[in-house]
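Hi,

Here is the structure I said I would pass on. Have a look at it first, and then read my notes underneath.

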Amino acid sequence: MRIISKPIDLPVPEDLLTNMRPLSDFLFLDIETTGLSAEHNAVYLVGCVYREPDGWNLIQWMDTTGNEEKEVLSSFWLFASRYPVLVHYNGDRFDLPFLKKRMEAHALPNSMDEMESLDLYKVILPCRRLLGLSDYKQQTMESLLGSGRTESESGGDLVRVYKKYIVDSDPALLSKLLAHNEADVLGLLSLVPLLIYKDLENASFHVRRAQANYYNDYDGSRKEELFLFFRLSRALPAPVYASADHCYVKIEGDEGILKIPLYTEVMKYFYANYKDYYFLPEEDMAVHKYLASYVEKSHRIQAKPETCYTRKAGSFLPQWDLYRTPFFKRAYADKELFFEFSDECKKDRGFLSDYAFYVFTHIKNSK
């Protein structure tokens with residue numbers, strides 16, 4: 001077995017980590033294996049990055065003979081067990097279960113289940129609609145964030161290199177294996193900014209300006225939309241462009257724009273307890289039976305769910321749940337919900353900021 005240890009010098013937004021825990025709690029981890037099955041394959045290389053008072057360091061454990069997996073895992077775990085948090089990319093699905101099973105195969109004790117797991121893949125997955133990438137592999141994310149990585153071979157490519165190295169012990173092959181693992185584990189540091197996207201779950205959207213705009217749709221009809229110009233408390237590491245349900249968001253750095261359809265028309269508010277109402281066909285509205293008692297019977301009929309409404313002319317914005325009440329519809333069976341964009345709403349900067357976050361969250365979570 002060979003152990004390689006050295007300091008590294010990479011820019012890391014450490015405050016994103018210290019907002020969670022002390023830096024000394026985190027161990028960044030990546031493994032290399034001879035295959036995908038933990039039952040039939042082995043771990044031949046483990047790489048970790050950790051923070052010491054004088055800076056970041058890399059350590060690697062390498063099985064140089066093909067028969068030293070137990071020594072690699074034992075030495076690795078002796079080192080790793082003092083770290084409360086393991087940081088990785090898609091390691092919840094592969095690295096951690098693989099390590100655990102191989103340790104069990106060698107009857108090595110471990111308390112991995114008691115450690116906290118920070119999977120950067122799971123951090124970015126809820127935001128995949130915002131980024132619109134073809135895949136979310138680690139190297140794709142590194143490219144998005146501009147890590148500058150030049151090594152591009154996959155772990156599968158390196159299996160053949162490792163098997164050849166076991167046969168002829170070529171130092172050039174060893175360097176290639178170690179360099180790939182180093183690139184993978186250092187790449188985790190470059191992905192720390194992904195934690196900013198996680199903060200979008202509870203981000204503060206500060207709307208600076210609201211503006212209505214008219215345009216002609218593809219069929220020539222006149223449409224209206226609301227632009228909300230907002231600022232985030234922290235710049236995103238890569239831009240966001242996404243849309244859903246005719247709403248569109250663009251965020252570059254800490255500046256963003258939301259475009260939301262605005263409807264100026266007559267909508268309907270439907271009363272829930274329709275049995276207590278009469279519908280007045282001539283007025284096209286429902287009134288409570290107490291008031292309808294003053295209306296001639298020939299001018300009123302028992303209301304039904306679809307006729308138990310009052311009409312409202314105004315400007316309306318979309319909502320996808322009961323975000324704001326009262327809510328309006330165009331027809332009883334419609335799924336689309338709206339609320340009135342009143343003059344009070346237009347002047348309320350707090351409401352505009354809250355609604356911007358609401359619309360953004362809908363876009364982010366839409367399927």
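Below is what turned up, starting with the helices and then moving on to salt bridges and a few single residues.

One thing before the details: this is a predicted model, so please read everything here in that light.

**Helix pairs**

Two packed helices are described by the angle between their axes and the distance between the axes. I have two pairs for you.

Start with α2 and α3. Their axes come within 10 Å and cross at roughly 115°, and the crossing is left-handed. If you want to find the contact on screen, look for E69, L73, F76 and W77 on the α2 side, and for L99, R102 and M103 on the α3 side. Sorted by type, the residues of this contact come out as five nonpolar, no polar and two charged.

L73 deserves a click of its own. It sits in helix α2, which covers residues 69-80. Is L73 buried or exposed? With a relative accessibility of 0%, L73 is buried, because anything under 20% falls in that class. Setting aside neighbours within four places in sequence, L73 is in contact with V43, L99, R102, M103, H106 and L108. Three of those names will be familiar from the helix contact, where L99, R102 and M103 are the α3 residues. For a sense of scale, L73 and F26 are 47 residues apart in sequence, and their C-alpha atoms are 19 Å apart in space.

The other pair is α6 (residues 138-145) and α8 (residues 171-190). These helices pack at an angle of about 50°, with 10 Å between their axes. That angle makes α6 oblique to α8. Here too the crossing is left-handed. From α6, the contact uses Q138, E142 and L145; from α8, it uses A183, D184, G187, L188 and S190. This contact divides into three nonpolar, three polar and two charged residues.

While you are on α8, take a look at H180, which lies in that helix. H180 is buried, with a relative accessible area of 2%. Which residues does H180 touch, not counting those up to four places away in sequence? They are E32, R149, E151, E153, S154, G155 and L158.

**Salt bridges**

Side chains of opposite charge can pair when their charged atoms come close. The structure holds 20 salt bridges, and I picked out a few that you may want to display.

E255 turns up in two of them. One is with R208, where the closest N and O atoms are 3.0 Å apart. This pair links distant parts of the chain, 47 residues apart: E255 is in strand β11 (residues 255-270) and R208 is in strand β7 (residues 206-216). The other is with R231, with the closest N and O atoms 2.7 Å apart. R231 belongs to strand β8 (residues 222-231), and 24 residues separate R231 from E255 in strand β11.

How accessible are these residues? E255 is partly exposed at 27% relative accessibility. R208 is partly exposed as well, at 37%, and R231 is partly exposed with a relative accessible area of 34%.

Salt bridges that share partners also join R21, D25 and E116 into one network.

Then there is D92 with K122, where the closest N and O atoms are 3.1 Å apart. This pair again links distant parts of the chain, 30 residues apart. D92 is in the loop between β5 (85-88) and α3 (95-105), while K122 is in helix α4 (residues 120-124). D92 is partly exposed, with a relative accessible area of 28%, and K122 is partly exposed at 48%. K122 stays in the partly exposed class because exposed means over 50%.

**A residue on the outside**

Finally, try S233, in the loop between β8 and β9 (240-244). Is S233 buried or exposed? S233 is exposed, with a relative accessible area of 67%. Between the C-alpha atoms of S233 and V266 there are 38 Å, and the two residues are 33 apart along the chain.

That is my list for now. Shout if anything is hard to find on your screen.

Cheers

Technical notes: Residues are numbered from 1 along each chain as its sequence is written. This is a predicted model: local features need pLDDT of at least 70, side-chain atom pairs count only at pLDDT 80 or more; totals for chains, interfaces and linings use all residues. Side-chain values use heavy atoms; hydrogens and water are left out. Axes are lines fitted to C-alpha atoms, for helices over the stretch in contact, and angles run from 0 to 180 degrees between N-to-C directions. Helices (H or I, at least four residues) and strands (E, at least two) are DSSP runs, numbered from the N terminus. Angles under 35 degrees count as roughly parallel, over 145 as roughly antiparallel, 65 to 115 as roughly perpendicular and the rest as oblique. A crossing is left-handed if the near helix is turned anticlockwise from the far one by less than a right angle, and right-handed if clockwise. Contact means heavy atoms within 4.5 Å. Ala, Val, Leu, Ile, Met, Phe, Trp, Tyr, Cys and Pro count as nonpolar, Asp, Glu, Lys and Arg as charged, and the others, Gly among them, as polar. A salt bridge is a side-chain nitrogen of Lys or Arg within 4 Å of a carboxyl oxygen of Asp or Glu. Buried means under 20% relative accessible area, exposed over 50%, partly exposed in between (1.4 Å probe, protein chains only).
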